[in-house]
Amino acid sequence: MSQANLIEARGVSKTYQSKDGPVESLQPLDFAIREGEFVSVVGPSGCGKSTLLKMVAGLLPISGGSLTLAGKPIQGPQKDVGIVFQSAVLLPWRSVEDNILLQAEMRHLPKATSQARARELMDMAGLKGFEGKYPWQLSGGMQQRASICRALLHDPSVLLMDEPFGALDAMTREKMNLELQRIWMTSKKTVMLITHSIPEAIFLSDRVIVMSERPGSIAAVYDIDLPRPRTLDVMASAEFGHYTKQVRAHFFSQGILDH
Ligand SMILES: Nc1ncnc2c1ncn2[C@@H]1O[C@H](COP(=O)(O)OP(=O)(O)OP(=O)(O)O)[C@@H](O)[C@H]1O
């Protein structure tokens, strides 16, 4: 892991203007994500996690402070970013490969090199042999893997993921956590993952940012010092249990979880 900060937020705040007046979504936040780091954000529903991710992607303007990517202010949609949402959002009439290539079409990238890159990514994500299948012929986990390939097609430095496995069953989700760790370790991207799952955040991350209720602020940041590659067995370890307890304690104290 290199030491340079790739994403830097200094006093970043967000207030939405709604017809009922301003809605304060995020209080001024400070954080930085280093190049190659895997950082998760957990917090109660409505605390502003998706808002934060959209601001990093440049899909939403910030209301105050400064937010930079590789030292440049984030203004408008960012080229060097790939996004994965909760739903895979694949077009049913296009094959898996053509869905992944959509990214290249939107960005007017050369076809031959994009196709070669799509094949490489599909190999990496375990989709070899499914290039010509349609999304409805794939399991939910495979569809999400295809959407991860699409997000990585243009080789962005940053992968932003908003609750990407939230719609999957528990076993598929654990499998996808292993897959994502493998993809991250191979691709060496900087990842910001929004999740509702505390174990998922701890399992995958170098650091976990814990947010408090709306208007969101950063309640704590934990360094997860578990060796990699991590196997699912690590979740049964005392260290993992300790991290889980520490993160959960924030939600007990906010009255979001009951003891
Ligand atoms: N376009 C909007 N206009 C007004 N308020 C909004 C808008 N979008 C989001 N909000 C408010 O901002 C707050 C943060 O929303 P956001 O979706 O970022 O939260 P979240 O932490 O991602 O929630 P969840 O975990 O439930 O997905 C919420 O209270 C929401 O009602």
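Domain bounds, as used here, come from an automatic or database domain assignment. On that basis, the protein chain of this predicted model is divided into two parts: domain 1, which covers residues 1-80 together with 160-248, and domain 2, which covers residues 91-155. A distance of 24 Å separates the C-alpha centres of domain 1 and domain 2. The two domains meet in a contact to which domain 1 contributes 11 residues and domain 2 contributes nine residues. On the side of domain 1 that touches domain 2, six residues are nonpolar, three are polar and two are charged.

The interior of the model was examined next. The largest nonpolar core contains 66 residues, and those that touch the most other members are Val 56, Cys 149, Leu 160 and Met 192. Helix α4, spanning residues 140-152, supplies the largest share of this core, namely six residues. The core also draws on both parts of the chain, with at least three residues from each of domain 1 and domain 2. Val 56 illustrates how such contacts bring together positions from separate parts of the sequence: when residues up to four places away in sequence are not counted, Val 56 touches Ile 7, Leu 67, Ile 74, Leu 160 and Met 192. Two of these partners, Leu 160 and Met 192, are themselves among the core residues that touch the most other members.

Strand pairing was then considered. Strands of a sheet pair through backbone hydrogen bonds, in either a parallel or an antiparallel manner. In this model, four strands form an open sheet with antiparallel pairing, arranged in the order β2-β1-β4-β5. The edges of the sheet are formed by β2 and by β5 (residues 72-73), each of which pairs on one side only. Between β1 and β2, the antiparallel pairing extends over 10 bridges. Within this sheet, Glu 8 stands opposite Ala 32 in β2.

The surroundings of the ligand complete the description. The ligand is surrounded by 13 residues, of which the closest are Tyr 16, Ser 45, Lys 49, Ser 50 and Thr 51. Three elements each give two or more residues to this shell: β1 (residues 5-18), β2 (residues 21-34) and α1 (residues 49-57). Of these, α1 gives the most, with three residues. By class, the shell comprises eight polar, three nonpolar and two charged residues. The strands β1 and β2 thus appear both in the shell around the ligand and in the open sheet.

Key: Residues numbered from 1 in each chain as written. Predicted model: local features only at pLDDT ≥ 70, side-chain atom pairs only at ≥ 80, totals over all residues. Core = buried A, V, L, I, M, F, W, Y, C linked by C-beta atoms within 7 Å. Buried ≥ 20, exposed ≤ 12 C-beta atoms within 10 Å, placed from the backbone. Contact = placed C-beta atoms within 7 Å. Nonpolar A, V, L, I, M, F, W, Y, C, P; charged D, E, K, R; others polar. Near = placed C-beta within 6 Å. Pairing = 2+ DSSP bridges.
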